[in-house]
Amino acid sequence: MLREFIPDELITEVLSFLPVKSLMRLKCLNKSWKTLISDPAFIKLHLKRSARNKHLALFSRIQQTSYNFRVAPFRLHCLLENTSGTITVPYFPINKDRVSLNVVGSCNGLFCLVGYYHTPTYINYKKILFYLWNPATRTLSNKIKFYCENCFKWRVAFGYDNSTETYKIVVFNPESYEVSVFNFGGNNIWKNIQSFPVVLLPLDRVLASHGYRDVYAHVNDSLNWLVIREESQFVIISLDLSSETYRQLLPPQGFDKVSLVLPTLAMLMDSLCFCHDFNGTNFIIWQMKEFGVQESWIQFLKISYQDLPIVYNVCSRLPLFPLCLSENGDTLVLAWDRGKQAILYNTAEKTGYTDNCKWYGSKEYVESLVSTC
Amino acid sequence: MAQEASSSTSSKTISLKTGDGEIFEIEASAAKQMKTVQRLIDDLGDDITIPLHNVFSKELPKIIEYYKKDITGEITKDFEAEFVKDLNDDEVKVLFLAANYLDANKLFEFLSQNIADRLESKSVEYVRKYFGVENDFTPEEESKLREERAWSFRGIKEDE
């Protein structure tokens, strides 16, 4: 073999294009490679490359009563090409504490998992358990505990603050409006921040009654929730993760009809999106081109329910959730029926199809080396 | 640059001389994509033959072929696949180093991805040889590391 010397910067370039599994293996190559692959600057570069290959993570339980579930990350373009046939699901066991876990959110390759814990001895004593999990490197963080009363009522969210480069877990009580934030990798304590602006949240309860919990949109450095004020007016509460303060945004002006189906928020192409049913015939997605600027709402997509490969019954009140858009804008992935089905909609041809696997959730995902400690 | 001036330079060709003395022609607009070449043109003028000491007659035609397609906007996934199809791992490495020397960013990134694709399922030993790097772990250290991430070794042919 040609023994030609390759300088370190060039090796780094090549390595930044490798998938995580290969890089985990190459940590055994020699000491400097092990250091390089674990270096935060390299992890950042790798993440930048990896973000160009969008994945969709689909979750399913091993069995109904199991505490373990598996996650299948699919390269989006593979999902698009693989229209038929079964998708093999790699099994990533999460077996800690025998708590039933759900996915709060996904950011830079990390999943935030949540479980509600009830100790058998102290019946009233409850806590919420969180873990940060990187399925690509197969590492799990230590558990993060949040003690509270009636912990099932608390809402949870997960986001990343670019300014301090920290991952944050946010919990809030929809009755007392108390909000607490955990900075992962910081001083590892829960900190109370400014309370949630006092507005009614029946929206949240309606969604919860349909099995949707913790619906929020993580857009750039903010977490956004859709709430309803008096006089049935919808408002978006946006929490800025770096300043930990709130602002209120309004949905697009064209939207004023309250339909049977609740509107939702989504994040597509790094923008906040507002999605709603129109007349029981169409699903409309608006995009806020410039975050925070009311006038920048544009109608991005109008999908006729007839073009979707599902029997969409507005009386069921289940919203459709846009999950992600392919790089070239051709394909939109939507979750339906509490995320149990993923629908792939071709924006150019206006047709949709679905894989018939039974999943219970799906989120946009990017493969990364980000550390869980 | 004014439209008239750029249309006159786009039809102009630059002469490049490889390290082993061969001369190749390239359109000025393609040469512009290779920052090292453009710097030499800026220093030496575009009328003389530009010397490229570290690039040889085996690689340069291939690089010129890539940029010829680039200036007409014809680089597609199919073209790129075809471009590297018949190259072995060493030939790609030589091209990669040449692209780096020439500061030809687009080709360099494409080849980085291609080398990564080739190495994705190769053994650790193959990768060591490919980059010419030595193993400084003791056998005990290495086997412990391998054990810790045994899952990442599944499906990899160790003797390759």
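A good place to enter this predicted model is a pair of oppositely charged side chains: B:Glu109 and A:Arg52 meet in a salt bridge, with 3.6 Å from N to O. Across the interface of chain B and chain A, the rule finds 1 salt bridge.

From this pair, the view can be widened to the whole interface. The size of an interface is often given as the accessible area lost when the parts come together. Here, about 3300 Å² is buried between chain B and chain A, and carbon and sulfur atoms account for 69% of that area. Chain B brings 39 residues to the contact, while chain A brings 29 residues. On the chain B side, B:Phe131, B:Arg149 and B:Trp151 stand out: these residues supply 21% of the area that chain B buries against chain A, more than any other three residues.

Helices also meet between the two chains. Helix α1 of chain A, spanning residues 8-15, packs with helix α7 of chain B, spanning residues 105-119, at an angle of about 70°, and the two axes lie 8 Å apart. Because of that angle, α1(A) is roughly perpendicular to α7(B). The crossing in which α1(A) passes α7(B) is right-handed. From α1(A), the contact is made by A:Leu10, A:Glu13 and A:Val14, and from α7(B) by B:Phe108, B:Ser112, B:Ile115 and B:Ala116. Sorted by character, the residues of this helix contact comprise 5 nonpolar, 1 polar and 1 charged.

Key. Residues numbered from 1 in each chain as written. Chains lettered and ligands numbered in written order. Predicted model: local features only at pLDDT ≥ 70, side-chain atom pairs only at ≥ 80, totals over all residues. Heavy atoms only, no water. Axes fitted to C-alpha atoms, helices over the stretch in contact; angles between N-to-C directions. Helix = DSSP H or I, 4+ residues; strand = E, 2+ residues; numbered from the N terminus. Parallel < 35°, antiparallel > 145°, perpendicular 65-115°, else oblique. Left-handed = near helix turned anticlockwise from the far one by under 90°. Contact = heavy atoms within 4.5 Å. Nonpolar A, V, L, I, M, F, W, Y, C, P; charged D, E, K, R; others polar. Buried area = accessible area lost by both parts, 1.4 Å probe. Salt bridge = Lys/Arg side-chain N within 4 Å of Asp/Glu carboxyl O.
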